[in-house]
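Me: I would like a close look at one part of this model, with enough of its surroundings to place it. Please take me through it step by step.

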Amino acid sequence: MRRALIIDDEPLARMVVKEYLQNFSEIELLQECNDGFEGLKAIQQHQPDLIFLDVQMPKINGFEMLELVDQPPAVIFTTAFDEYAIKAFEAHAVDYLLKPFSKDRFNKAIEKYLATAPEKHAPKQTEELLETAAAQSPSQHERIVVKTGTKVKIIPVADVEYLQADDDYVSVFTKEGSYLKNKTMNFFEQTLDARQFVRVHRSYIIAIQQITRIDPYEKDAHLAILKSGAKIPVSKTGYVKLKQVLGI
């Protein structure tokens, strides 16, 4: 018996999936979740084999929720999200259903899952898949979602002072403290607004509004002094980028 969850903020969409699933006795529906937080909790509790996941949801979207799952189950996306973005992960997800979808289209997705997925969990989604998909989500420009223990914290981009590479993670620094995010510096460089954030060093991205001054430091290098008092190294290339953004 395969175990499944529905994670979608639209009651009608959940009802449709639930109704169509009745034709598949080999799949047991464990729970319906109406947002990403509830979905994350249900995944941790039930460890399902399959989830039907919407992309655009309040609080945190489907991409952000998947990032917080250590070992995501197989995913069938059920979404009205534009098809061009979904193609970025089409080859990795079991399938995607573009709303409104027919019963026949739903059946094909399930048959594909049953034919290809193992009885237990599907292989973990690749980091490249989640980064590509998440980068195309508008919310990535507005917030950073991190996991602290068993809790999920949403950091508004406006609260970010700077980011620092930290081995396989990135440390996100705010007035409240620092938080680890399992992403790359390249991801943040591509997704954060280039008018507000500049990668001034291989290991640092800083918020322009946090800079109080820029001091010379050694040969061809500088230090950006932030409002918090943090001193961020600025490489020669980073200094060129910084001057362009600041118009100096």
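Reply: **One helix and the sheet beneath**

Let's start with α5, which lies across β1, β2, β3, β4 (74-79) and β5 and runs at about 170° to β5. A word on terms: helices (H or I, at least four residues) and strands (E, at least two) are DSSP runs, numbered from the N terminus. Contact means heavy atoms within 4.5 Å. Axes are lines fitted to C-alpha atoms, for helices over the stretch in contact, and angles run from 0 to 180 degrees between N-to-C directions.

Please keep in mind that this is a predicted model, where local features need pLDDT of at least 70 and side-chain atom pairs count only at pLDDT 80 or more, while totals for chains, interfaces and linings use all residues. Residues are numbered from 1 along each chain as its sequence is written, and side-chain values use heavy atoms, with hydrogens and water left out.

The sheet under α5 is open and has five strands, in the order β2-β1-β3-β4-β5, with parallel pairing. Two strands pair if DSSP finds at least two bridges between them. At the edges are β2 (27-33) and β5, each of which pairs on one side only. Ignoring direction, neighbouring strands of this sheet are turned by 20° against each other on average. Inside the sheet, β1 (residues 2-7) and β3 (residues 50-53) run parallel and are joined by four bridges. One residue pair to look for there is leucine 5, whose bridge partner in β3 is isoleucine 51. Helix α2 (residues 36-46) also packs on this sheet, where it touches β1, β2 and β3, and its direction makes about 140° with that of β2.

Now for the helix neighbour of α5. Two packed helices are described by the angle between their axes and the distance between the axes. For α1 (residues 11-21) and α5 (residues 103-116), the angle is about 65° and the axes are 10 Å apart. This makes α1 roughly perpendicular to α5, on a scale where angles under 35 degrees count as roughly parallel, over 145 as roughly antiparallel, 65 to 115 as roughly perpendicular and the rest as oblique. The two helices cross in the right-handed sense; a crossing is left-handed if the near helix is turned anticlockwise from the far one by less than a right angle, and right-handed if clockwise. From α1, the contact is made by Val17, Tyr20 and Leu21, and from α5 by Lys103, Phe106 and Ile110. By class, the contact of α1 with α5 has five nonpolar residues, no polar ones and one charged residue. In this scheme Ala, Val, Leu, Ile, Met, Phe, Trp, Tyr, Cys and Pro count as nonpolar, Asp, Glu, Lys and Arg as charged, and the others, Gly among them, as polar.

The approach to α5 along the chain deserves a look too. Proline 100 is found in the loop between β5 (95-98) and α5, and the peptide bond from lysine 99 to proline 100 is cis, with omega near -5°.

Next, a look beyond this part. Another open sheet has five strands, in the order β10-β9-β8-β12-β11, with antiparallel pairing. Its edges are β10 (177-181) and β11 (197-201), each with a single partner strand, so one side of each is left without a neighbour in the sheet. The twist from one strand to the next averages 20°. Within this sheet, β8 (residues 160-166) and β9 (residues 169-174) pair in the antiparallel sense over six bridges, and tyrosine 162 stands opposite phenylalanine 173 in β9. Helix α8 (residues 236-246) lies across β11 and β12 (204-207), running at about 155° to β11.

There is also a hairpin, formed by β13 and β14 with five residues between them. Its strands, β13 (residues 211-216) and β14 (residues 222-226), pair over five antiparallel bridges, with isoleucine 211 opposite leucine 226 in β14. Glutamate 218, in the loop between them, has a phi near 55°, a positive value in a residue other than glycine.

To set all this in the whole chain: there are eight helices and 15 strands, and buried residues make up 49% of the 248 residues. Here buried means under 20% relative accessible area, exposed over 50%, and partly exposed in between (1.4 Å probe, protein chains only).
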